[in-house]
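Student: I'd like to go over the backbone oddities in this one. Can you take me through them?

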Amino acid sequence: MKSFKSMKELFSKNKILVLLLSLFSQTMFAQSISLPKESKFKFGDNPEWANPMFNDNDWVTQQLGKSFTKDSSYAWYRIKIVIPSAMKTATGKGIKLYLGKIDDVDQTYFNGKLIGETGSFPPQYVTQWEKQRVYTMPENAVQWDKENILAVRIYNLIGGMGMWEGPYSFEPF
């Protein structure tokens with residue numbers, strides 16, 4: 001009987017340990033990761049700038065969270081991120097991307113594929129300068145533990161422009 005009772009206690013302790021490890025790992029991997037504070041930036045508009053292979057070495061370095069004043073202008077941000085494979089989900093739902101507020105309109109590309117847009121570019125211009133951007137990076141497009149490229153195309157009609165207010169981060173669904 002003693003051995004049965006000992007086995008039962010051991011099983012019960014192991015069950016608790018497995019539960020705690022499971023909760024710890026879910027909490028650890030559900031954490032949000034901030035985007036780099038700096039990105040590559042360029043005024044102008046060229047669809048090739050969404051291509052992850054595009055060489056942006058001659059672009060200026062720009063801090064996120066800064067607004068510009070340049071009326072009736074297009075600009076692009078290119079942000080390099082590494083997404084840890086620990087963020088893979090069992091469901092494959094993807095990675096949630098927070099880009100904060102962008103003045104006025106944006107199209108956002110992940111590794112060259114359009115993943116979201118808010119507002120409308122000319123000629124049917126509609127501003128969405130106060131709206132938070134939240135998009136999904138599909139897991140099948142992620143290069144796990146390697147460099148990935150976010151390319152954000154923006155347009156501004158008048159006044160301030162840019163990725164002017166965060167949060168700037170990503171996390172698993």
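Tutor: First a term: strands here are DSSP runs of E with at least two residues, numbered from the N terminus. Note also that this is a predicted model.

Student: Ok. Where is Ser 72 found?

Tutor: Ser 72 lies in the loop that links strand 4 (68-69) to strand 5 (73-82). Its phi is positive, about 50°, although Ser 72 is not a glycine.

Student: Is Ser 72 buried, exposed or partly exposed?

Tutor: Partly exposed, because its relative accessibility is 48% and that class runs between 20% and 50%.

Student: Which other residue that is not a glycine has a positive phi?

Tutor: Asn 111, with phi also positive at about 50°. Asn 111 sits in the loop between strand 7 (105-110) and strand 8.

Student: And is Asn 111 buried or exposed?

Tutor: Buried: the relative accessible area of Asn 111 is 12%, and the cut-off for buried is under 20%.

Student: Switching to peptide bonds. What joins Pro 122 and Pro 123?

Tutor: A cis peptide bond, with omega about 15°. Pro 123 belongs to the loop between strand 8 (113-118) and strand 9 (132-137).

Student: What about the bond from Gly 166 to Pro 167, cis or trans?

Tutor: That one is cis, and omega is near 20°.

Student: Where does Pro 167 sit, then?

Tutor: In the loop between strand 11 (160-165) and strand 12 (169-172).

Key: Residues numbered from 1 in each chain as written. Predicted model: local features only at pLDDT ≥ 70, side-chain atom pairs only at ≥ 80, totals over all residues. Heavy atoms only, no water. Helix = DSSP H or I, 4+ residues; strand = E, 2+ residues; numbered from the N terminus. Buried < 20%, exposed > 50% of the residue type's maximum accessible area, 1.4 Å probe, protein only.
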